[in-house]
Amino acid sequence: MTKTNKTGWTPGNPVDWQPETQLVQGGILRSNFGETSEAIFLTQGFVYDSSEQAEARFKNEDPGFQYSRFANPTVSMFEDRMRLFEGAQEARATSTGMAAVTAALLSYLSAGDHIIAARAMFGSCRYVVETLCPRFGIKATLVDGRDLDAWRDAIQPNTKCFFFETPANPTLDLVDIAGVSKIAKEIGAKVVVDNVFATPMLQRPLQHGADVVVYSATKHIDGQGRCLGGVVLCDSEFLTKHLQDFFRQTGPSLSPFNAWVMLKSLETMPLRIKAQSATAATLADYLAGHKNVQRVVYCGRPDHPQAALAKKQMTGGGQMIAFEVVGGKEAAFRVQNALQLIRISNNLGDAKSLVTHPTTTTHFRLTQEQRLELGINDGLIRLSVGLEAAVDLQADLDRALAKV
Ligand SMILES: *Cc1c(COP(=O)(O)O)cnc(C)c1O
């Protein structure tokens with residue numbers, strides 16, 4: 001099989017389809033068997049009909065596959081579906097979200113370059129920027145991502161990259177994608193956005209001026225807590241100049257089986273995100289009215305500190321909620337331990353609702369001062385809302401919050 005659709009059936013231009021259609025029909029490569037559902041091509045390599053064909057394929061004159069570290073039919077289907085959906089020219093799937101972040105940054109940056117990143121960041125991303133990059137001569141400055149002046153003030157003559165996530169984990173702080181992209185364009189730097197929390201359903205960074213988007217597919221793209229995966233989305237120039245060789249030669253590739261899980265999950269993502277967002281909105285309102293809850297942060301509520309920005313760049317509130325209970329760590333632990341349906345886990349974006357206490361888990365490596373700088377108080381709990389019925393989740397929270 002080559003990278004073309006052998007059945008010769010072309011139902012129109014996928015670029016013009018609605019997102020729901022792209023996520024079900026986009027990128028399909030049917031084999032000669034004409035299977036309905038996408039096939040899993042669990043193969044490392046591919047055979048050639050002749051020496052001439054092998055030669056042509058290595059010269060890039062024949063469009064077929066060579067080796068699954070470079071490309072694989074199932075992985076290509078996932079990449080193509082993601083590319084269509086995100087409105088990007090190119091997509092490369094990776095084994096994890098962190099492999100996507102690392103590949104996007106290290107394929108592009110070199111010793112002597114400078115990167116500016118928002119301080120409120122997923123812990124491993126902060127390690128890559130703050131610890132790993134400097135070891136290879138890439139200097140990093142962390143700023144308050146909410147403050148556009150802070151981005152501008154941090155610029156150095158060698159600044160080549162701006163990196164941030166919005167909404168950020170776990171405080172749901174936002175970064176103005178268009179604002180930062182405008183500053184970056186002025187100095188010819190690239191903007192890389194970790195779009196995990198918003199999901200491609202609710203926010204399209206490329207449309208706001210970003211250059212590269214990365215995902216942990218582990219979260220909402222799988223959406224059911226099974227496989228690890230990631231994706232880098234970019235334009236053709238970034239791919240050929242930076243990502244392609246790094247990706248092929250260093251090997252962060254996604255396994256075909258995991259790609260298949262992600263591919264099939266994309267079919268239901270709009271339905272899942274819609275349902276989870278609706279439940280999250282209900283629960284956020286409920287939590288905001290509870291006497292034992294001091295503060296609720298939800299991107300879909302008008303009292304989010306950056307509600308106007310949320311409205312401008314997001315099309316929904318999403319399924320993540322942060323809330324602070326009265327009584328600090330002890331109270332937060334009591335609430336988490338009393339929950340029965342909602343389980344304690346540092347993961348998120350699952351069909352199952354999950355809570356975590358960032359101070360003692362995902363952010364325990366930071367000093368108390370660094371945590372407070374990010375707004376992570378000891379009473380803060382992060383809730384990832386799943387697909388259970390809202391009434392059951394609310395009853396569970398109600399029972400637990402009564403223990404404060
Ligand atoms: C989970 C996550 C990652 C890392 O993804 P993995 O698939 O666990 O490697 C990166 N960024 C954000 C915002 C995440 O939530």
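At 68% relative accessibility, N60 counts as exposed, where exposed means over 50% relative accessible area, buried under 20%, and partly exposed in between (1.4 Å probe, protein chains only). The exercises below concern a predicted model, in which local features need pLDDT of at least 70, side-chain atom pairs count only at pLDDT 80 or more, and totals for chains, interfaces and linings use all residues. Residues are numbered from 1 along each chain as its sequence is written, and side-chain values use heavy atoms, with hydrogens and water left out.

**Exercise 1. Positive phi outside glycine**

Task: Establish where N60 lies and where T199 is found, and state whether T199 is buried or exposed.

Solution. Step 1: the phi of N60 is near 65°, a positive value in a residue other than glycine. Step 2: N60 belongs to the loop between α2 (51-58) and α3 (73-86); helices (H or I, at least four residues) and strands (E, at least two) are DSSP runs, numbered from the N terminus. Step 3: T199, likewise not a glycine, has a positive phi of about 70°. Step 4: T199 is part of helix α8 (residues 199-202). Step 5: T199 has 2% relative accessibility and therefore counts as buried.

**Exercise 2. Strand β4 and its partners**

Task: Determine how many residues of strand β4 are buried, and describe how β4 pairs with β2 and with β5.

Solution. Step 1: strand β4 spans residues 159-165, and six of its seven residues are buried, so the strand is largely enclosed by the rest of the structure. Step 2: β4 pairs in the parallel sense with strand β2 (residues 114-118) over four bridges; two strands pair if DSSP finds at least two bridges between them. Step 3: within this pairing, T159 of β4 is the bridge partner of H114. Step 4: β4 and strand β5 (residues 190-194) run parallel and are joined by five bridges. Step 5: F163 stands opposite V192 in β5. The chain passes from β4 through helix α7 (residues 177-187) to β5 in a right-handed β-α-β crossover, meaning that, with the strands pointing away from the viewer, the path from the first strand over the helix to the second runs clockwise.

**Exercise 3. Cis peptide bonds**

Task: Identify which residues are joined by the cis peptide bond with omega of about -5°, and where P167 lies.

Solution. Step 1: T166 and P167 are joined by a cis peptide bond with omega of about -5°. Step 2: P167 lies in the loop between β4 and α7. Step 3: a cis bond also leads from N169 to P170, with omega near -5°. Step 4: P170 too lies in the loop between β4 and α7.

**Exercise 4. Strand β6**

Task: Describe the burial of strand β6, the directions in which its residues point, and its pairing with β5 and β7.

Solution. Step 1: β6 (residues 212-216) is mostly covered, with five of its five residues buried. Step 2: V212, V214 and S216 point one way, V213 and Y215 the other way, and all are buried. Step 3: three bridges pair β6 with β5 in the parallel sense, and V192 stands opposite V212. Step 4: β6 runs antiparallel to strand β7 (residues 230-234), to which four bridges join it. Step 5: the bridge partner of V214 in β7 is V232.

**Exercise 5. The ligand shell**

Task: State how many residues surround the ligand, and which atoms of G97, D194 and S216 approach it.

Solution. Step 1: 13 residues surround the ligand, each with a heavy atom within 4 Å of it; the closest are G97, D194, S216, T218 and K219. Step 2: by class, the shell has five nonpolar, five polar and three charged residues. Step 3: here Ala, Val, Leu, Ile, Met, Phe, Trp, Tyr, Cys and Pro count as nonpolar, Asp, Glu, Lys and Arg as charged, and the others, Gly among them, as polar. Step 4: a backbone N or O atom of G97 lies 2.8 Å from a ligand oxygen atom. Step 5: a polar side-chain atom of D194 lies 2.6 Å from a nitrogen atom of the ligand, and one of S216 lies 2.8 Å from an oxygen atom of the ligand. Step 6: on its own the ligand has 380 Å² of accessible area, of which the protein covers 91%; such areas come from the Shrake-Rupley method with a 1.4 Å probe.

Terms used
Polar contact = N/O pair within 3.5 Å; in protein donor to acceptor, adjacent residues only side chain to side chain.
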